[in-house]
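Please read the following walk through a predicted model with the coordinates open beside it. The route begins with single residues in loops, moves on to helix packing, and ends with the interior.

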Amino acid sequence: MTRQSHDQFAKEYLEELLTPLGTIKKSEKVKSEIQEIDVWFEPFSPQPRKNLPLGLLGKMATTPCLFEPFRNPPSEVEIRSCFLKLYAVHGDVLRKSKRENRTIPEAELSILWILTPTFSPRMIAESGAIEREENWCKGVYFLPNIMKTAIVVIHQLPENEDTLWLRVLGKGGTQKKAVEELTQIPEQNPFKENLLVILADWRKNLELRDNLSRDEEEVIMNLSPAYLQQIEDWKQEGKQEGKQEGKQEGQLLMITFLLEGRFGTLDSELSSLVEKIAQMPILERTQLLLSLVNLSREELLERLKK
């Protein structure tokens with residue numbers, strides 16, 4: 001259940017971040033064993049003029065790619081399963097290009113990004129993966145070029161703004177710290193509000209379950225800062241909406257009272273004017289209400305018609 005919960009969260013999280021940059025192919029299945037790809041991403045062409053603040057994740061998303069996020073380190077079998085998905089995608093793309101009588105350059109074929117919290121030195125060595133810190137950063141391992149695959153070891157990433165979006169997908173202290181950093185980024189950040197909602201929803205869904213595992217209990221603790229801030233945001237929104245609704249309701253009652261004082265019980269035609277008067281600019285509304293005593297019913301209707 002933990003794996004499924006994390007998969008769903010990771011999909012929603014990555015889709016929220018990557019949608020402004022390109023196309024997400026949701027619930028795409030590959031034919032070999034009808035396996036579902038976690039996130040299949042294709043960047044817009046040309047790229048948006050303004051680079052969105054996604055740091056390392058944004059750099060990864062400059063080319064077509066598959067994202068396979070893992071809550072726990074993947075086994076050899078799971079990694080080979082990811083390869084199957086990647087090469088099935090390549091096969092579909094190449095067959096389509098052949099039917100359309102065009103050639104797909106190697107550089108345009110999707111790259112596989114395996115996202116894992118940790119990865120043992122043995123697995124790194126056996127996969128033939130190497131770091132390319134001169135162009136990327138610590139924690140990003142590339143398999144031989146022919147395999148078009150890289151492994152991102154989230155807990156090895158440097159703790160800075162560029163890696164924040166990926167560190168949220170980590171575990172333990174790494175995830176907890178990243179979530180705290182996420183709650184502190186400026187309010188005007190285009191991703192903050194929706195990501196806090198996604199994190200809060202993940203936490204609430206876990207809380208509704210019985211017999212939580214230690215890993216799920218840890219997730220709930222790690223997501224507490226995001227959950228608490230989202231609750232606070234909802235409270236503030238509710239207060240503002242309540243104030244606004246109360247103010248509008250008071251205006252409608254006042255206008256109704258003044259109209260009834262001038263014309264008696266309001267029929268449907270006069271009742272329909274209440275909201276129209278409330279929506280007028282404050283200066284015009286005030287002048288109209290002060291002049292009611294000198295206006296006939298027909299004059300009021302004609303004035304509002306204009």
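Asn 101 counts as exposed, because its relative accessibility of 71% lies over the 50% cut-off. Asn 101 is found in the loop that runs between α3 (76–99) and β6 (111–116), and its phi is near 60°, a positive value in a residue that is not glycine. As background to that angle, most residues other than glycine have a negative phi.

Pro 105 belongs to the loop between α3 and β6. With a relative accessible area of 39%, Pro 105 is partly exposed, because this value falls between the limits of 20% and 50%. The C-alpha atom of Pro 105 is separated by 9.9 Å from that of Leu 94, a residue 11 positions away along the chain.

Positive phi also occurs at Lys 148, where the angle is near 50° in a residue other than glycine. Lys 148 sits in the loop between β8 (140–142) and β9 (149–153). Is Lys 148 buried or exposed? At 13% relative accessibility Lys 148 counts as buried, because that value is under the 20% cut-off.

The next region to examine holds three helices, taken in chain order. The axes of helix α6 (residues 172–184) and α7 come within 10 Å and cross at roughly 140°, and this angle makes α6 oblique to α7, because it is not over the 145 degrees required for roughly antiparallel. The crossing of α6 and α7 is left-handed. On the α6 side the contact involves Gln 175, Leu 182, Thr 183 and Gln 184, which meet Lys 192, Leu 195, Leu 196, Leu 199 and Trp 202 of α7. Sorted by class, this contact of α6 with α7 has 5 nonpolar, 3 polar and 1 charged residues.

Helix α7 (residues 192–207) also packs against helix α8 (residues 214–222), at an angle of about 140° and with the two axes 9 Å apart. That angle makes α7 oblique to α8, and α7 passes α8 in a left-handed crossing. The contact is formed by Trp 202, Arg 203, Leu 206 and Glu 207 from α7, together with Glu 216, Val 219 and Ile 220 from α8. In terms of class, the contact of α7 with α8 has 4 nonpolar, no polar and 3 charged residues. Trp 202 of α7 can therefore be followed from one contact to the other, because it is listed where α7 meets α6 and again where α7 meets α8, each listing resting on heavy atoms within 4.5 Å.

Met 221 is placed in helix α8, and at 55% relative accessibility it counts as exposed, because that value is over 50%. The C-alpha atoms of Met 221 and Gly 172 are separated by 9.2 Å, although these two residues stand 49 residues apart along the chain.

Further along the chain, helix α10 (residues 268–278) and helix α12 (residues 297–305) pack at an angle of about 40°, with their axes 12 Å apart. α10 and α12 are therefore oblique to each other, because the angle is not under the 35 degrees that would count as roughly parallel. α10 passes α12 in a left-handed crossing. Which residues of α10 and α12 meet? Glu 269, Leu 270, Leu 273, Lys 276 and Ile 277 in α10 meet Arg 297, Leu 300, Leu 301, Leu 304 and Lys 305 in α12, and the residues of this contact divide into 6 nonpolar, no polar and 4 charged.

From these packed pairs the view can now turn to the interior. In soluble globular proteins, nonpolar side chains tend to be buried together. Here the largest nonpolar core has 46 residues, and those with the most contacts inside it are Leu 18, Phe 67, Trp 113, Leu 115 and Trp 165. Leaving aside neighbours within four places in sequence, Phe 67 is in contact with Leu 14, Leu 18, Asp 38, Val 39, Phe 41, Leu 57, Met 60, Trp 113 and Leu 115. Apart from this core lies another, of 19 residues, among them Trp 40, Leu 86, Val 89 and Phe 119.

For the protein as a whole, the secondary structure comes to 12 helices and 9 strands, and buried residues make up 43% of the 306 residues. Among contacts between residues at least 6 apart in sequence, 62% join residues at least 24 apart.

Technical notes
Residues are numbered from 1 along each chain as its sequence is written. This is a predicted model: local features need pLDDT of at least 70, side-chain atom pairs count only at pLDDT 80 or more; totals for chains, interfaces and linings use all residues. Side-chain values use heavy atoms; hydrogens and water are left out. A nonpolar core is a set of buried Ala, Val, Leu, Ile, Met, Phe, Trp, Tyr and Cys residues joined through side-chain atoms within 4.5 Å. Buried means under 20% relative accessible area, exposed over 50%, partly exposed in between (1.4 Å probe, protein chains only). Axes are lines fitted to C-alpha atoms, for helices over the stretch in contact, and angles run from 0 to 180 degrees between N-to-C directions. Helices (H or I, at least four residues) and strands (E, at least two) are DSSP runs, numbered from the N terminus. Angles under 35 degrees count as roughly parallel, over 145 as roughly antiparallel, 65 to 115 as roughly perpendicular and the rest as oblique. A crossing is left-handed if the near helix is turned anticlockwise from the far one by less than a right angle, and right-handed if clockwise. Ala, Val, Leu, Ile, Met, Phe, Trp, Tyr, Cys and Pro count as nonpolar, Asp, Glu, Lys and Arg as charged, and the others, Gly among them, as polar.
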